[in-house]
Protein chains: 2
Amino acid sequence: MIIIGEKINSTLKAIRPAMENYDADAIKDLAKRQYEAGATYIDVNAGMFINDEPERLEWLVKTVQETVSAPLAIDSPNPVALRRALEANKNTKPLINSISDESKRFNAVMPLVAEFKTGVVALCMDDTGMPETIKDRLTIAQRLIGKLTKEGVKLDDIYIDPLVRPVGTGSHYGTVAIETIRQVKAEFPEVHIACGLSNISFGIPCRKLMNQAFLVAAMGAGMDGAIMDPLDKKLMSFVYAAEALFGLDDFCVEYLTKYREGELEM
Amino acid sequence: MIIIGEKINSTLKAIRPAMENYDADAIKDLAKRQYEAGATYIDVNAGMFINDEPERLEWLVKTVQETVSAPLAIDSPNPVALRRALEANKNTKPLINSISDESKRFNAVMPLVAEFKTGVVALCMDDTGMPETIKDRLTIAQRLIGKLTKEGVKLDDIYIDPLVRPVGTGSHYGTVAIETIRQVKAEFPEVHIACGLSNISFGIPCRKLMNQAFLVAAMGAGMDGAIMDPLDKKLMSFVYAAEALFGLDDFCVEYLTKYREGELEM
């Protein structure tokens, strides 16, 4: 699984004060702990700083790469902030999180993907808004993949976000997300999925329970990447269990190793 | 979900002494607690009593039905024991657990299914042994469903057990079980699944974690019944979460009710 560690995000109350105070140690600690817990990418987001997002995002990039060598997921729709962050980036190929098929956003972000040769998270969303059906999502994914590859982006550098909506607001949204993932991976096996997990449980109680169930079901449909909290030991345990369950962990070697390291939680 | 409560089983060490001592209160307590926790059927098994299984099984049936009105799953391949138990049964239509496509077993059990008009759990297994592939399992399921319906059993009274093998003994066994379920339900939507969950985790640590992941994945493939422990609150929480996730629980009403009743465990 490709895990995009979501903790360094200005919308999260717990980390907001550290960002406000340029507390580099707190940011570094969070980057390091996510990396050690299995994050493939470290996401950095400064979107709540409306007046100085570019400086803040640049600072996050510089701070994180002082402590971990993991690639960054640079999380902004703002081309000015993205450029500052990409120019500051010294780690290996980053992800831009994210582009969409909204024309304004596509036109703003695409040149940066091309110039900096980044990977890119592509949201299943266009100028008509948030798609309702599986078919509508698949159509947008197909269009985005077509446009991105035409610009020279390799399939392997594209991460489709199926745009999960809360199951509490529509009983079909779990199936919509899972079947979108299944169909995207069936049609484009080289393309990755980068699915925001926790949206599924917005507005209902026992969110972690629902997130765990969704993680397993989505992995069963071919989800190979998620934007999630790698410090959530129970959720990570389900990553390892699902990899063993779906035949991605030969002889359960990783599962047994994590068990011996005390990383599995029942 | 159709839940076949598995706790009154002579192979389980915890309950064995109560059976040996004809401790009716202990059996009744276990029946009642499983029923209250959501069991659709109460399984009764006396298979470890090699010398007097018929008497023991009859006693279990009589004891359980003194306290719950739930239908029983009568768990034996032994036609003598099955007949004693079926004649003692006064609750609504029981399940026979189980028949298979092994000719000796089929011929021994089929007449009882017909005579007592029971439902029946049908194992994907024939005279050549345990099938290896999804296709082999599906072929046996098709053959069993054909033979059972020819004898007058309704599709809705057939419960296919895909015969789960431990993922620790073969990395493909998770996928084999899940895809067998998906294909059986796609071809025979009226037929039910009755899947023994805990086999998946035999021989590996943190079995509950793997069982939970398998439950969710199998429900995503259409599993509508399982032989499981309804007293495992965490596992039952995943039943409710998966029903909400897969659109089987409109507006999450059941999920929210279970939460308010304190039945959801994270």
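In this predicted model, chain A drops onto chain B with an RMSD of 0.0 Å after a turn of 180° and a shift of 0.0 Å along the axis. The two copies are thus related as by a two-fold rotation axis. Both copies put the same surface to use, with 100% of the contact residues of chain A turning up again in chain B. Within chain A, the residue that gets closest to the rotation axis is Ala217(A), whose C-alpha sits 2.7 Å from it.

Ala217(A) also shows up in a helix pairing inside chain A, on the helix 8 side of the contact with helix 7. Helix 7 covers residues 173–187 and helix 8 covers residues 207–220; the two pack at an angle of about 25°, their axes 8 Å apart. Since angles under 35 degrees count as roughly parallel, helix 7 and helix 8 of chain A are therefore roughly parallel to each other. The crossing of helix 7 past helix 8 in chain A is right-handed. On the helix 7 side, the contact is made by Ala177(A), Ile178(A), Ile181(A) and Arg182(A), while helix 8 brings in Phe214(A), Ala217(A), Ala218(A) and Gly220(A). Sorted by class, that makes six nonpolar residues, one polar and one charged.

Elsewhere in chain A, Ile27(A) is part of helix 2, which runs over residues 24–36. Ile27(A) is buried, its relative accessible area being 0%. Beyond its neighbours within four places in sequence, Ile27(A) touches Ile8(A), Ile15(A), Met19(A), Trp59(A), Leu60(A), Thr63(A) and Val64(A). Of these contacts, Ile8(A) is 19 residues away from Ile27(A) in sequence, with 7.1 Å between their C-alpha atoms.

Note on methods
Residues are numbered from 1 along each chain as its sequence is written. Chains are lettered from A and ligands numbered from 1 in the order in which they are written. This is a predicted model: local features need pLDDT of at least 70, side-chain atom pairs count only at pLDDT 80 or more; totals for chains, interfaces and linings use all residues. Side-chain values use heavy atoms; hydrogens and water are left out. Helices (H or I, at least four residues) and strands (E, at least two) are DSSP runs, numbered from the N terminus. Buried means under 20% relative accessible area, exposed over 50%, partly exposed in between (1.4 Å probe, protein chains only). Contact means heavy atoms within 4.5 Å. Copies are superposed by least squares on the C-alpha atoms of residues with pLDDT of at least 70 in both. Axes are lines fitted to C-alpha atoms, for helices over the stretch in contact, and angles run from 0 to 180 degrees between N-to-C directions. Angles under 35 degrees count as roughly parallel, over 145 as roughly antiparallel, 65 to 115 as roughly perpendicular and the rest as oblique. A crossing is left-handed if the near helix is turned anticlockwise from the far one by less than a right angle, and right-handed if clockwise. Ala, Val, Leu, Ile, Met, Phe, Trp, Tyr, Cys and Pro count as nonpolar, Asp, Glu, Lys and Arg as charged, and the others, Gly among them, as polar.
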